[in-house]
Amino acid sequence: MSQPIASKARVIKILNRIGARGILTEVRVQLVDQPKMQFMRTVKGPVRLGDIVDFEDTELSWPSSSRSNSNFGDVC
């Protein structure tokens, strides 16, 4: 079992509020160390454009050859 790795990502777009009371915010983030990699995350608490978000994720430890580049870098 692989260890989760901590990563830092910059918020580039705020999409919408989700959850029963709107506590969570869905955002599009861009990895700080790999600027071409973008994906959506759910953030709890206040967030603004340009904020740096720390998170742990085991998905980032997958080999890059198994990923399709077509899912990353798309503009909403």
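**Close-up views of a four-strand chain**

**View 1. T25 has its place in strand β2.** In this predicted model, is T25 buried or exposed? T25 counts as buried because its relative accessibility is 1%, and buried means under 20%. Look next at the T25 side chain, which makes a polar contact with the side chain of R17 at 3.0 Å. Setting aside neighbours within four places in sequence, T25 is also in contact with several other residues, among them I14, N16, R41, T42, V43, G45 and V47.

**View 2. Strands β1 and β2 form a hairpin.** Follow strand β1 through residues 5-18 and strand β2 through residues 24-31; the two pair in the antiparallel sense. How many bridges join the pair? There are eight bridges. Along this pairing you can find N16 standing opposite E26 in β2. Between the two strands lie five residues, and in that turn G19 has a positive phi of about 105 degrees.

**View 3. The largest nonpolar core has 11 residues.** To find them, pick out A9, V11, V27, V29, L31, M37, F39, V43, V47, V53 and F55. Strands β1, β2, β3 (38-44) and β4 (52-57) each supply at least two residues of this core. Which strand gives the most? That is β2, with three residues.

**View 4. V11, a member of the core, has many neighbours to trace.** Not counting residues up to four places away in sequence, V11 touches V27, R28 and V29. On the list of residues touched by V11 there are also V47, R48, L49, G50, D51 and V53.

**View 5. The whole chain runs β-β-β-β from the N terminus on.** You will find four strands here and zero helices. Of the 76 residues, 24% count as buried. The accessible surface comes to about 5,700 Å², and 52% of it belongs to carbon and sulfur atoms. Among contacts with a separation of 6 or more, 45% join residues 24 or more positions apart.

**View 6. Confidence in the prediction varies along the chain.** The mean pLDDT of the chain is 78, and 68% of its residues reach 70 or more. Among the elements, which has the highest mean pLDDT, and which the lowest? Strand β2 has the highest, at 94, while β4 has the lowest, at 81. Over residues 70-76, pLDDT stays under 50, and the model has 10 contacts beyond four places in sequence for this stretch.

Key. Residues numbered from 1 in each chain as written. Predicted model: local features only at pLDDT ≥ 70, side-chain atom pairs only at ≥ 80, totals over all residues. Heavy atoms only, no water. Pairing = 2+ DSSP bridges. Core = buried A, V, L, I, M, F, W, Y, C linked by side-chain atoms within 4.5 Å. Buried < 20%, exposed > 50% of the residue type's maximum accessible area, 1.4 Å probe, protein only. Contact = heavy atoms within 4.5 Å. Areas by Shrake-Rupley, 256 points an atom, 1.4 Å probe, with all protein chains shown as cover. pLDDT = per-residue confidence, 0-100. Polar contact = N/O pair within 3.5 Å; in protein donor to acceptor, adjacent residues only side chain to side chain.
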